[in-house]
Amino acid sequence: MSYIDGFVIPVAQDQRAAFIEHAEKVDAYFLELGALRVVECWQEDVPTGKQTDLFRAVDAQPGEAVAFSWIEWPDKATRDAAYAKFSENTELMGIPMPFDGKRMIFGGFTPVVTLEA
């Protein structure tokens, strides 16, 4: 069964190009390690809520956007093995992140409903 990693990330608006460049390098490596698909999204229509919203979830500051990303893996075992190899890759781990990783929200998920056209 597939496994999904999801991420919500605050990124300074002026760091969009750096975010894309960083994602292209890291995401390509995840594909080499067995990821089926990686999707990086930049906010376009993200409402401000009355009680909760994505901005508050990541403590977005003025001038920051919210990025939403996910990685689809064939299974959790492939994902776990990939993250172990990724953490040993000093070249990729040394690339500065163009966002505040401390405010990134992430988690792993098992799909329970999948509908496709």
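Analyst: Two strands pair if DSSP finds at least two bridges between them. S1 and S3 are joined by 10 bridges and run antiparallel, so they pass that test. The model is predicted: local features need pLDDT of at least 70, side-chain atom pairs count only at pLDDT 80 or more, and totals for chains, interfaces and linings use all residues. Residues are numbered from 1 along each chain as its sequence is written, and side-chain values use heavy atoms, without hydrogens and water.

User: What makes S2 and S3 a pair?

Analyst: They share 6 bridges in the antiparallel sense. The cut-off is at least two, so S2 and S3 pair. One bridge sets Glu-40 against Ser-69 in S3. Ser-69 in S3 also stands opposite Phe-7.

User: What is the strand order in the open sheet, and which are the edge strands?

Analyst: The order is S2-S3-S1-S4, with 4 strands and antiparallel pairing. Strand S2 (37–42) and strand S4 (105–109) are the edges, as each pairs on one side only. The twist averages 15° from one strand to the next. Strands are DSSP runs of E with at least two residues, helices are runs of H or I with at least four, and both are numbered from the N terminus.

User: How does helix H1 run relative to S2?

Analyst: Helix H1 (residues 16–32) lies across strand S1 (3–12), S2 and S3, at about 170° to S2. Axes are lines fitted to C-alpha atoms, for helices over the stretch in contact, and the angle between N-to-C directions can run from 0 to 180 degrees.

User: Why is Asp-5 called buried?

Analyst: Its relative accessible area is 2%. Buried means under 20%, exposed over 50%, and partly exposed in between (1.4 Å probe, protein chains only), so Asp-5 is buried. Asp-5 sits in strand S1.

User: What makes the link from Asp-5 to Arg-79 a polar contact?

Analyst: The two side chains meet at 3.0 Å. A polar contact needs a pair of N or O atoms within 3.5 Å; within protein, one must be able to donate a hydrogen and the other to accept it, and residues adjacent in sequence count only if both atoms are side-chain atoms. The 3.0 Å value satisfies the distance limit. Beyond four places in sequence, Asp-5 also has contacts (heavy atoms within 4.5 Å) with residues including Trp-70, Trp-73, Tyr-83 and Gly-107.

User: Why does His-22 count as buried?

Analyst: His-22 has 14% relative accessibility, so it falls on the buried side of the limit. His-22 is in helix H1. Leaving out residues up to four places away in sequence, His-22 touches Ile-95, Pro-96, Met-97, Pro-98 and Phe-99.

User: Why is Asp-59 called partly exposed?

Analyst: Asp-59 has a relative accessible area of 44%, so it fits neither end class. Asp-59 lies in the loop between helix H2 (54–57) and S3. Its phi is near 55°, a positive value in a residue other than glycine.

User: Why is the pair of Phe-30 and Phe-86 called tilted?

Analyst: A pair of aromatic rings is described by the distance of the centres and the angle of the planes. The centres of Phe-30 and Phe-86 are 5.0 Å apart and their planes are at 45°. Rings of Phe, Tyr and Trp (its six-membered ring) pair if their centres lie within 6.5 Å; planes under 30 degrees apart are stacked, over 60 edge-to-face, and the rest tilted. So this pair is tilted. It links Phe-30 in helix H1 to Phe-86 in helix H3, 56 residues apart. Both residues are buried.

User: Which residues form the aromatic cluster?

Analyst: Tyr-29, Phe-30, Trp-73, Tyr-83 and Phe-86 form one cluster. The structure holds 8 aromatic pairs. Tyr-29 and Phe-86 make a tilted one, 6.3 Å centre to centre with 45° between the planes.

User: Why is S3 described as largely enclosed?

Analyst: S3 has 10 residues and 7 of them are buried, so the rest of the structure largely encloses this strand.

User: What makes up the largest nonpolar core?

Analyst: The core has 19 residues. A nonpolar core is a set of buried Ala, Val, Leu, Ile, Met, Phe, Trp, Tyr and Cys residues joined through side-chain atoms within 4.5 Å. Those with the most contacts inside it include Ile-9, Phe-30, Trp-73 and Phe-86. S1, H1, S3 and H3 each supply at least two residues of this core.
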